[in-house]
Amino acid sequence: MSPLQRKQLANQTPRLKLSLAEITARESGISIPYKSILQPPGWSENPEGRRIYTGLSSIARQFVTTNYDEWLDVTLPQMGGPSAGAANGGISIPPRERLYLPEHMDFARFRQSNCVVHLHGSVTDTRNMVLTTSDYIRLYASDRDRVGGRGENPVLSFLTLLFELRNVLFIGYGLEELEILEYVILKSRTRGDQPKEMKHFILQGFYSVEAELCKALSKYYSDWGIALIPFSLDDADWAQLTEVVDQIASEVPTAQEPALAMRADMQRLLHG
């Protein structure tokens, strides 16, 4: 690829980049090694990765992710404990129930005590990963628009129940991904209807020069019952997210129905 081509692709969305990569790979008759790219040798021993995912494991027992990798598939011990090589076939670390195909996404199954839903598939089954724009369209098609127009979309049905019955904390989601999730949250409610309470929360980093953007997004999310929990990127950039997750993990105990569901707890974490 030429420098000009790389520059042209640099500002495109990840979904478009993956779509173009898949088209190019098919035309060239090659297969992209997604698993080795996303999980290079020693991936599970990365100190920052271990730290943030250990923190997340302390916050909740059920997860929904758009990531393909296996970081959430196991409950990792702290660094210095047993090796995390179990994720690559080493010693036994308690695994989570992994749900990654649409037919797996049943809310009753999700309610198990240790479970992770990979909305866009898993590197353990690269053939079924959701990568291209057409893949996304098929995955999130409405019941009416599904092929043949028959039956409900299990992914949308799962997400609808998730947002109706659980309080959700969004961590690390980009606005592009939130467009899909907002659709599910909002489809049963008319814009302008004020929710009675902040039912969901989004953790998002900002630089101090983005103060006005932070205020605007806070109002935007609140229209849909989502409380914005901002944190500063000025000192440590996105590495600050690890510190924030550590703080939440230390203050919010894990429970079968996590204490994250309580708005008062989240507001206390936000304001100190």
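In this predicted model, the 13 residues of helix α4 (residues 47–59) should span 18 Å at 1.5 Å a residue, and the end C-alpha atoms of α4 are 19 Å apart, which agrees. Much can be said about how this helix is covered. The buried residues of α4 are G49, R50, I52, Y53, T54, G55, L56, S57 and I59. What covers these buried residues includes strand β1 (62–65), strand β4 (169–171) and helix α10.

The link to α10 can be followed through a single residue. A249 lies in α10, which runs over residues 240–251. Leaving aside neighbours within four places in sequence, A249 is in contact with G55, S58 and I59. Two of these partners, G55 and I59, also appear among the buried residues of α4. A further residue of the buried set, S57, is 192 residues away from A249 along the chain, yet the C-alpha atoms of A249 and S57 are separated by 8.3 Å.

That pairing brings up the chain as a whole. Residues 24 or more positions apart account for 65% of the contacts with a separation of 6 or more. The secondary structure comes to eleven helices and six strands, and of the 272 residues of the chain, 42% count as buried. The accessible surface is about 14,900 Å², with 54% of that area belonging to carbon and sulfur atoms.

Two other helices allow a look at which side is buried. Helix α2 (residues 14–28) has 15 residues, and its first and last C-alpha atoms lie 21 Å apart, close to the 21 Å expected at 1.5 Å a residue. In α2 the buried residues are R15, S19, E22 and A25. Seen down the axis of α2, these buried residues fall within an arc of 130°, so they line one face of the helix. An α-helix has 3.6 residues a turn, so residues three or four places apart point the same way. After α2 comes G29, whose phi is positive, near 70°.

Helix α9 (residues 211–222) has twelve residues and reaches 17 Å from its first C-alpha to its last, close to the 16 Å expected at 1.5 Å a residue. The buried residues of α9 are C214, L217 and Y221. They cover an arc of only 70° around the axis, which puts them on the same side of α9. On the other side of α9, E212 and K219 are exposed. For C214, the relative accessible area is 15%, and this residue therefore counts as buried under the 20% cut-off.

A second cysteine, C115, is also buried, with a relative accessible area of 0%. The structure holds zero disulfides. Strand β3 (residues 115–118) begins at residue 115, and this strand has the highest confidence in the chain, at a mean pLDDT of 93.

Further buried positions are found in helix α6 and strand β6. Y136 has its place in α6 (residues 133–139) and counts as buried at 12% relative accessibility. Y136 and H120 are 16 residues apart in sequence, and their C-alpha atoms are 8.3 Å apart in space. In strand β6 (residues 226–232) lies A227, which counts as buried at 7% relative accessibility. The C-alpha atoms of A227 and L169 are 9.3 Å apart, while 58 residues separate the two in sequence. L169 falls within β4 (169–171), one of the elements that cover the buried residues of α4.

A word on confidence helps in reading these details. The chain averages a pLDDT of 77, and 72% of the residues score at least 70. Confidence is lowest in helix α11 (residues 263–271), at a mean of 46. Over residues 255–272 pLDDT stays under 50, and the model has 34 contacts beyond four places in sequence for this stretch. Another such stretch is residues 82–92, where pLDDT also stays under 50 and the model has 23 contacts beyond four places in sequence.

Conventions: Residues numbered from 1 in each chain as written. Predicted model: local features only at pLDDT ≥ 70, side-chain atom pairs only at ≥ 80, totals over all residues. Heavy atoms only, no water. pLDDT = per-residue confidence, 0-100. Helix = DSSP H or I, 4+ residues; strand = E, 2+ residues; numbered from the N terminus. Contact = heavy atoms within 4.5 Å. Buried < 20%, exposed > 50% of the residue type's maximum accessible area, 1.4 Å probe, protein only. Areas by Shrake-Rupley, 256 points an atom, 1.4 Å probe, with all protein chains shown as cover. Disulfide = S-S within 2.5 Å. Expected span 1.5 Å × (residues − 1). Arc of directions from axis to C-beta.
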